[in-house]
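Hi,

Here is the structure I promised to pass on. Have a look at it first, and then read on for my notes.

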Amino acid sequence: MKEEKCIFCRLASGEIPSHTIYEDSLFRVILDAAPASKGHALIIPKKHYADLFEIDTDTAGEVMKLAKKLATHMTGALKCDGLNLVQNNGEIAGQTVFHFHLHLIPRYRNMKNDDILRWNHENFTEDEVKEICSELSKGLH
């Protein structure tokens, strides 16, 4: 169901014009209006999901299948040297539009903004790593 005020629902439905590069019954793929690089695109589900925690498993799988298809195509068509997939969940993680979407960001050697997605690394003691591993592995099997 379309969320009435969600701009990505409106983009996905075609209500708001966009530079669409692909569309099927589940998704619309558009060029980002504020791109990080040449060809930066967004895969937007037509159904509203706020984030990764809301999207159903089948649709999430279809997003990744489409991402692989598009990444392969974009790499050939744009002659990019690499490509990032970015998907943010929650304000603290950089999510600004609360409609699930996946960024495909082509990367080029000698880009002026070549520090996209770089972060400071944290250091943990071996005991801390073991504790983190223990906590994360509980209930996954």
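Let me start with lysine 47, which sits in the loop between S3 and H2. Keep in mind throughout that this is a predicted model. Lysine 47 has a relative accessible area of 46%, so it counts as partly exposed. If you want a distance to check in your viewer, take the C-alpha atoms of lysine 47 and valine 63: they are separated by 12 Å, and the two residues are 16 apart along the chain.

Next, the strands. Which residues of S5 are buried? On one side of the strand you have Leu102, Leu104 and Pro106, on the other His103, Ile105 and Arg107, and all of these are buried, so both faces of S5 are covered. Put as a count, 6 of the 6 residues in S5 (residues 102-107) are buried.

S5 also has pairing partners. Strand S3, which covers residues 41-45, pairs with S5 in the antiparallel sense, over 3 bridges. Within that pairing, isoleucine 43 has leucine 102 of S5 as its bridge partner. Strand S4 (residues 82-86) is antiparallel to S5 as well, and here the pairing runs over 5 bridges. Glycine 82 is matched with arginine 107 in S5. Both of these S5 partners, Leu102 and Arg107, are among the buried residues I listed above.

Now for the charges. How many salt bridges does a search of the whole structure find? It finds 5, and I'll go through some of them.

Arginine 28 and glutamate 23 form one, with the closest N and O atoms 3.0 Å apart. The two ends of this pair fall into separate classes of accessibility: arginine 28 is at 10% relative accessibility and therefore counts as buried, while glutamate 23 is at 41% and so counts as partly exposed. There is also a third residue to look at here, since Glu23, Arg28 and Lys46 are linked in a network of salt bridges.

Then there is glutamate 62 with lysine 65, where the closest N and O atoms are 3.2 Å apart. Both residues lie in helix H2 (residues 57-78), and they are 3 residues apart, about one turn of the helix. Glutamate 62 is partly exposed, because its relative accessible area is 31%. Lysine 65 reaches 55%, so it counts as exposed.

Another one joins lysine 138 to glutamate 135, and its closest N and O atoms are 3.0 Å apart. Lysine 138 counts as exposed because its relative accessibility is 54%. Glutamate 135 has a relative accessible area of 49%, which means it is partly exposed. The cut-off for exposed is over 50%, so these two residues fall on opposite sides of it.

Last, a surface feature. Which residues form the negative surface patch? They are Glu126, Asp127, Glu128 and Glu131. Glutamate 131 belongs to helix H3, which spans residues 126-137. At 55% relative accessibility, glutamate 131 counts as exposed, because that value is over the 50% cut-off.

If you only have a few minutes, I'd colour S5 and its partners S3 and S4, then turn to the network of Glu23, Arg28 and Lys46, and finish at the negative patch with Glu131.

Cheers

Note on methods. Residues numbered from 1 in each chain as written. Predicted model: local features only at pLDDT ≥ 70, side-chain atom pairs only at ≥ 80, totals over all residues. Heavy atoms only, no water. Patch = residues over 30% accessible without salt bridge, like charges linked within 9 Å, V, L, I, M, F, W, Y side chains within 5 Å. Areas by Shrake-Rupley, 256 points an atom, 1.4 Å probe, with all protein chains shown as cover. Salt bridge = Lys/Arg side-chain N within 4 Å of Asp/Glu carboxyl O. Lys, Arg positive; Asp, Glu negative; His and termini not counted. Charge placed at Lys NZ, Arg CZ, Asp CG, Glu CD. Helix = DSSP H or I, 4+ residues; strand = E, 2+ residues; numbered from the N terminus. Buried < 20%, exposed > 50% of the residue type's maximum accessible area, 1.4 Å probe, protein only. Pairing = 2+ DSSP bridges.
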